[in-house]
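The following paragraphs lead the reader through a protein chain, from its overall make-up to its sheets and the helices that pack on them. Please keep the sequence and the structure in view while reading.

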Amino acid sequence: MSILNENLPLYGYGFSAAVFLVLSIFVLANWRGRLRGRLLAATTFVTAAWSVGLAYSSISVDVPPFYVFLIELGHDAIWLVFLAASIGGSANRSGQWVTRYGGFLTACAFIAAGLLLEFRSFGSGDTERIATLLIYGSLVTALFVLVSLEQLYRNARESERIGLKYLCIAVAGIFLYQAFLYSDAILSGQISSLYWDARGFVVAMCAPFIALGVRRSNTWSTRVFVSRKVVFYATTTVFTLIYLAIISLAGYYVHELGKSWGEVGRLLFIYAAILALLTILFSEVVRGKVRVFVSKHFFANKYDYRKEWLRLILTLTSDEDGLPLKKRAIKAVAQIVDSPVGRLWLKEPDAGAYRCSAGWNIRECAGELAADTTLVQFLNESGWVVDLDEYRKRPGRYEGLDKNELSGLMDDAAFVVPLFSENELIGLVVLARPAVKTELNYEDRDLLKTAGHQIASYLTQESSTELLAESRQFEAFNRLTAYIMHDLKNLISQQSLVVQNARKHKDKPEFIDDAVATIESGVVRMRRVIEQLQQTTSQQPVEKVELGKIVLKAASRCADRSPQPKVIMGDEQVWVLSEADRLLMALVHTIRNAQDATAQDGQVSVTVVVSDQECCVEIRDTGRGMTSEFIRDRLFRPFDSTKGTQGMGIGAYQVRETVRANGGRVEVESTVGQGTLFRIVLSRQA
């Protein structure tokens, strides 16, 4: 029995050598003429040679530990090369070197360290350090092999897994046992002779699975896709394991150097290192840098475009966060570059200027970009995504841009993404600098531009939907008008009956009382109808009118209410092109709104301001004022009234449309609790 125990490693590794020699011939015969078949045959042959080397070392006392070290690490390196070639067939090979050769380079680094120790000791060898390199090097390379196998199998297509799974089981069996062997050595401080002696039989048991995998598939590993998420977590796991291995080794030296307090020092050192590791793993900055590292070195393309497109569409169409479309649009672009903050600027349909319409994780601002600014012109002409960091370093690439315009967009602004719809710049998204500083490449720019086009289509569709809704509301308004006309008809009928009966009963006091009551009721109802419909006067031809007379007439009509409007204007005659009645009603409505919003002891003023090209009517009150959100979202929305049943909600909308029809524009400034300034700006006529 003792002889059997002494020769157990010889029998085990000898049996493994014979099995893998036969297996290499079998693989070469089945995959004749195929590159990966020849590479697998060479790998299995090397495993047979590895088995021979370890069998010889078990019976010879003259074999130094350094040669066992070389045999072990060389064997691992060959398997890593085979797996690298298999993974390398999955995509464009450019930019794949970390995934394919990271483990192989690690094995080479350990071998180089062993050679350095051997040469520095002039061949006498440093047994303890060589053993340490053997244990840690074999453990790390085993982990690299297992991670590569996991990537290979998880991302293979279903049709390719038939033969692939048996090969993965075999290689995993070999290197799982190796990881167990050397992990136990780290914990116990030495390599277990029992586990070492049984290893040859374990490796031999895995060979039939390789043969079965070869037999089941002749086209294995033709197209394998490596998931970005898998690579991210696998990379994090590998670096975590390497970190822990280094910490364990450092803890050992702390223990050895510390002597009496070494055990406590090692415990504190390892505990602090684990806390540091947890802090790093939960850091968004570190995770962002790992994602950038994975994208640069593990994949030919920086983005998984299917994932990015699905996320973009889901963000734009989902309202789970309760965000309006404009804020979802900013979020959709910001997610691409991991920006935490952004603002959306949209083109105003009347003035052509671009106003800040929404902010994501930040308040919208009150600024605007005119159509003739250098930024708008640059985006219209080039369609580029503006990288502000690149602009500061190389302004020549953004010829014509004014840095003062860029600085006013947003604090810490990093990128400006144009939004084009049918070759028209309808807006732009300004993004803040991400936590991990990133310089945009062509992939970033193309993806941001494509996302911008998609977002522009959604925003345009929303605008068209709102216009359609307004049109339907006007259709409903027309139906309402028909009902009101019916009421007017009834009033006329009542008045006609009074007139007809007056010939017979005009001398009766009772009839007179009933007639007066009927007429009074009709007057009240007609006055209410007229007030509701007075904005719908018939169309008149546009003519040259004197603005001062229109302003005075409007103020006179509103003088029956408090506070009475105060008119401020010069003696100079100012002429504009307009429909006189519609312009008059627009001014009357604006003044009355100011009176309604102001207490009786407040002030309402109407001022005519004249310049060379334009003239402006300013209606200013000291009333309750309005918020910027109300002005932007509700003031000019038709059928949205703050007066309840007393108003129809089309007055401000009618004023704006009247002014626009005359080639002018409406501007509103307001402060809650202080009052409102309403400007009607028109082109001046000679």
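A residue is called buried when its relative accessible area is under 20%. The model considered here is a predicted one. By the cut-off just given, buried residues make up 44% of the 686 residues in the chain. The accessible surface of the chain comes to about 36900 Å², and 57% of that surface belongs to carbon and sulfur atoms. As to secondary structure, the chain has 21 helices and 13 strands. Among the contacts with a separation of 6 or more, 68% are accounted for by residues 24 or more positions apart.

The first sheet to examine is an open one of six strands, with the order β3-β2-β1-β6-β5-β4 and antiparallel pairing. Its edges are formed by β3 (368-369) and β4 (386-387); each has a single partner strand, so one side of each is left without a neighbour in the sheet. Within this sheet, strand β1 (residues 342-347) and strand β2 (residues 354-360) run antiparallel and are joined by six bridges. In this pair, W345 stands opposite C356 in β2. Helix α12 (residues 325-337) packs on the sheet, where it touches β1, β2, β5 (413-421) and β6 (424-432). The direction of α12 makes about 70° with that of β2.

Is helix α12 enclosed or left open by the rest of the structure? Of its 13 residues, 11 are buried, so α12 is largely enclosed by the rest of the structure. The buried residues of α12 include L325, R328 and A329, and the run from I330 through K331, A332, V333, A334, Q335 and I336 to V337 is buried as well. Just after α12, D338 takes a positive phi of about 60°.

Helix α12 also packs with another helix. Helix α11 (residues 305-317) and α12 meet at an angle of about 160°, and their axes are 8 Å apart. That angle makes α11 roughly antiparallel to α12, because angles over 145 degrees count as such. The crossing of the two helices is right-handed. On the side of α11, the contact is made by E308, R311, L312, T315, L316 and T317; on the side of α12, by L325, R328, A329, K331, A332, Q335 and I336. Several positions recur here, including R328 and Q335, which are buried and also take part in the contact with α11. A general point helps in reading such lists: an α-helix has 3.6 residues a turn, so residues three or four places apart point the same way.

A further open sheet has five strands in the order β8-β10-β11-β13-β12, with mixed pairing. Its edge strands are β8 (566-568) and β12 (665-671), each of which pairs on one side only. Direction ignored, neighbouring strands of this sheet are turned by 15° against each other on average. Strand β11 (residues 614-621) and strand β13 (residues 675-683) run antiparallel and are joined by eight bridges. Here D621 stands opposite T676 in β13. Helix α19 (residues 580-596) packs on this sheet and touches β10 (604-610), β11 and β13; its direction makes about 25° with that of β11.

One residue elsewhere in the chain completes the account. F180 lies in helix α6 (residues 161-188). With a relative accessible area of 40%, F180 is partly exposed. F180 and L139 are 41 residues apart along the chain, and their C-alpha atoms are separated by 8.3 Å.

Conventions: Residues are numbered from 1 along each chain as its sequence is written. This is a predicted model: local features need pLDDT of at least 70, side-chain atom pairs count only at pLDDT 80 or more; totals for chains, interfaces and linings use all residues. Side-chain values use heavy atoms; hydrogens and water are left out. Two strands pair if DSSP finds at least two bridges between them. Helices (H or I, at least four residues) and strands (E, at least two) are DSSP runs, numbered from the N terminus. Contact means heavy atoms within 4.5 Å. Axes are lines fitted to C-alpha atoms, for helices over the stretch in contact, and angles run from 0 to 180 degrees between N-to-C directions. Buried means under 20% relative accessible area, exposed over 50%, partly exposed in between (1.4 Å probe, protein chains only). Accessible areas come from the Shrake-Rupley method with a 1.4 Å probe; for residues, only the protein chains shown count as cover. Angles under 35 degrees count as roughly parallel, over 145 as roughly antiparallel, 65 to 115 as roughly perpendicular and the rest as oblique. A crossing is left-handed if the near helix is turned anticlockwise from the far one by less than a right angle, and right-handed if clockwise.
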